[in-house]
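Hi,

Here is the structure I promised to pass on. My notes on what turned up in it follow below; have a look when you get a minute.

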Amino acid sequence: EWLLRRIRTEKKFVIFDSINTLQIYNEEKILLEFMHVLINKLRTEDVLTVILTMGTQLNKSVESMLSLACDDTIDIRRNSIMAAKKDAVYSLSSNP
């Protein structure tokens, strides 16, 4: 909340990189709860959110939670980006 108040622009955005690192150092249950609270808070504050992940290394339960919580997924493979919706919460996934 403190960081969101410090941003003085009309449109706010957050790029969260990377869930995979959090997954290594935190219990799955705690990570799921953290991501759920974070995404919902940013959504209520009308903040455009981009969550970066490495899809092949993501835990299945975390992947499921992100697919439910995010408005769309942009899959990046070898320099190609698939289009997604405007003004939404995105989960970016890079699969080789």
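**Helix packing**

Helices α3 and α4 run roughly parallel to each other, where roughly parallel means an angle under 35 degrees (over 145 is roughly antiparallel, 65 to 115 roughly perpendicular, and the rest oblique). Before you read on: this is a predicted model, with local features needing pLDDT of at least 70 and side-chain atom pairs counting only at pLDDT 80 or more, while totals for chains, interfaces and linings use all residues. Residues are numbered from 1 along each chain as its sequence is written, and side-chain values use heavy atoms, with hydrogens and water left out.

Back to that pair. Two packed helices are described by the angle between their axes and the distance between the axes. Here α3 (residues 28-44) and α4 (residues 60-69) pack at about 15°, and their axes are 10 Å apart. The axes are lines fitted to C-alpha atoms, for helices over the stretch in contact, with angles from 0 to 180 degrees between N-to-C directions. The crossing of α3 and α4 is right-handed, i.e. the near helix is turned clockwise from the far one by less than a right angle (anticlockwise would be left-handed).

Which residues in α3 meet α4? They are E28, L31, L32, M35, H36, I39 and R43, and on the α4 side they meet S61, V62, M65, L66 and A69; contact means heavy atoms within 4.5 Å. The residues of this contact divide into eight nonpolar, two polar and two charged (Ala, Val, Leu, Ile, Met, Phe, Trp, Tyr, Cys and Pro count as nonpolar, Asp, Glu, Lys and Arg as charged, and the others, Gly among them, as polar).

**The chain as a whole**

The protein chain has four helices and five strands, in the order α-β-α-α-β-α-β-β-β along the sequence. These are DSSP runs numbered from the N terminus: H or I of at least four residues for helices, E of at least two for strands. Of its 96 residues, 31% are buried (buried is under 20% relative accessible area, exposed over 50%, partly exposed in between, with a 1.4 Å probe and protein chains only). Among contacts between residues at least 6 apart in sequence, 62% join residues at least 24 apart. The accessible surface comes to about 7,000 Å², with 55% of that belonging to carbon and sulfur atoms.

**A few residues to click on**

- Helix α2 (residues 19-25) holds I24, as well as N20. Buried or exposed? I24 is exposed at 63% relative accessible area, whereas N20 counts as buried at 6%. Not counting residues up to four places away in sequence, N20 touches L52, T53, M54, Q57 and L58. The C-alpha atoms of I24 and L58 are separated by 9.9 Å, with their positions 34 residues apart along the chain.
- K12 lies in strand β1 (residues 12-17) and is partly exposed at 22%. Its contacts, leaving aside neighbours within four places in sequence, are L4, I7, D46, V47 and L48.
- D46, one of those contacts of K12, is in the loop between α3 and β2 (47-53). D46 is exposed at 66%, and its phi is near 60°, a positive value in a residue other than glycine. Most residues other than glycine have a negative phi.
- N40 sits in helix α3 and is partly exposed at 33%.

Cheers

Methods: Accessible areas come from the Shrake-Rupley method with a 1.4 Å probe; for residues, only the protein chains shown count as cover.
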